[in-house]
Amino acid sequence: MARQGSGSWRNWAGTYSVTPARLQYPCSPDEVAAEVCRAAQDELSVKAVGAGYSFTDIAVTRGVMLDLSGMTGVLAADKQTGLVTVAAGTTLRELNEQLWKLGLSISCLGNLDAATIAGAIATGTHGTGRRYAGLCSQVRALQLVTADGQLLECSAEQHPELFAAARLSLGALGIITAVTLQCEPAFALHSVEAPADYDDLLEVLAKLELRDHFEFLWFPHTRRVLTKVQTRLPADAPLHPRGALRSWRDERFLGDVVYEGINRLTATWPRLTARVNRLTTRALPERSYTDRAYRIVPSQGSLLYRTMEYAIPRASLPHVLDELDDWVQRSGEDVVFPVEVRLTAADNIPLSPAFGRETCYVAVYQYHRRSYDQWFAAVEAIAREADGRPHWAKLHYRSAEDLAPAYPLFDEFLAVRDTYDPNRRFSNDYLRRVLGS
């Protein structure tokens, strides 16, 4: 029997907390299956929880909460094919370290490596790189506990309809207990960060977006951006990392202490925001370093914030950014956090925000001590006009009624859900909002 805990649970951002009827800590797929059957007998809902890095209530339940932190590690690995099976509760940070020892890397990493592998694929975690789709596109097989307690092996050959939908399922189809990823030979990254003019952005994009991995930050109230370009190198390439002191300065001191102070200052005196952003962009340095890929990409900062992210068609990016800039100027809203833009390839996963199209992800942030509603509502309105789709783990105001037209295979996903969870054992308030029942 899985170990039982007590008390409440809260997500990292502090946007949601709950005291479930039972908080369980299963250590094996069989224990997960047993807990699902027990919940069904008690007529309770069931939700799995990972590291809690979703800003939404996607994992919240007053029924049975299954903490999968006891199910970790690489279960199988084939260096020749690059196929690696990993337990669902393994964090991306742990996985990246283990993969490197095997001579392997994940093709495209997101900004956060504290999330678990199951949570990351369930919510559509992605990195950046026009040739690379999100993490869920790298899934080749899943082990999943369904609502009737069955432990199913799912792939393109076994239960293919379930597999196609479960690669990004919001936790609506079952409890994922293991994931098989298609990895590739380990690689390093050479990263170059450089400031540029917003007015030259289209020219900058044309030059840089075809690089291996590219993103940029635009600072509202200014005409400046910071570009980040990462070029792949062989794993045995000479490394020139930032070093412990520089990493501490960049991530902990500047990222947490100094930026925390800036946000506290502008929260108290909002009218200083534009001036602060202009000063910040003047101080942006050009810098470069080379390290193992998984050490380059993730951000380790701990500054508390709220975030919304929208996936828009690649061609709509210039218009969306201009609309955001225009709104900031017209509204008088003070926005201190930069707007982050990343690019990904299209995929074929029903609930993926990048389904069927080359995609730009536009992310906005707000300090946790400041109201975000007006800014986020404006961003969502502009993104929706561009046929934008929200990141499932981040804040948004959408519901099933207006989400369904944005996803061509929305009804097909609901049909799979009806087959495998007809009684909605895995449902909660979030899923009722975004899926409609």
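Student: How do you know that strand β18 and β20 pair?

Tutor: In this predicted model, strand β18 (residues 305-313) and β20 share nine bridges in the antiparallel sense. Pairing needs at least two bridges, so nine bridges meet the criterion. One of the contacts sets Pro313 against Thr359 as its bridge partner in β20.

Student: What makes β19 a partner of β20?

Tutor: Five bridges join strand β19 (residues 339-344) to β20, and the two run antiparallel. The cut-off is at least two bridges, so these strands also count as paired. Here Val341 has Val362 as its bridge partner in β20.

Student: Why is strand β20 called largely enclosed by the rest of the structure?

Tutor: Nine of the nine residues of β20 (residues 359-367) are buried, so the description follows. Buried means under 20% relative accessible area. Both sides of the strand contribute: Thr359, Tyr361, Ala363, Tyr365 and Tyr367 point one way, Cys360, Val362, Val364 and Gln366 point the other way, and all are buried.

Student: What makes strand β12 largely enclosed, and which strands pair with β12?

Tutor: Seven of the eight residues of β12 (residues 175-182) are buried, so β12 is largely enclosed by the rest of the structure. Strand β8 (residues 83-87) runs antiparallel to β12 and is joined to it by five bridges, with Thr85 opposite Thr180. Strand β10 (residues 139-145) is also antiparallel to β12, with six bridges, and Gln143 stands opposite Ala178.

Student: How many aromatic pairs are there in the whole structure?

Tutor: The search finds 14.

Student: Why is the pair of Trp12 and Tyr53 called stacked?

Tutor: The ring centres are 5.5 Å apart and the planes are at 20 degrees. Centres must lie within 6.5 Å to pair, and planes under 30 degrees apart count as stacked, so this pair is stacked.

Student: What parts does this pair tie together?

Tutor: Trp12 lies in the loop between β2 (9-10) and β3 (17-18), and Tyr53 in the loop between β5 (46-49) and β6 (64-67), so the pair ties together parts that are 41 residues apart in sequence. Ring pairs link Trp12, Tyr53, Phe55, Tyr305, Phe337 and Tyr365 into a cluster.

Student: Are Trp12 and Tyr53 buried or exposed?

Tutor: Neither term applies: Trp12 has 22% relative accessibility and Tyr53 has a relative accessible area of 26%. Partly exposed covers values between 20% and 50%, so Trp12 is partly exposed, and so is Tyr53.

Note on methods. Residues numbered from 1 in each chain as written. Predicted model: local features only at pLDDT ≥ 70, side-chain atom pairs only at ≥ 80, totals over all residues. Heavy atoms only, no water. Buried < 20%, exposed > 50% of the residue type's maximum accessible area, 1.4 Å probe, protein only. Helix = DSSP H or I, 4+ residues; strand = E, 2+ residues; numbered from the N terminus. Phe/Tyr/Trp six-rings, centres within 6.5 Å; stacked < 30°, edge-to-face > 60°.
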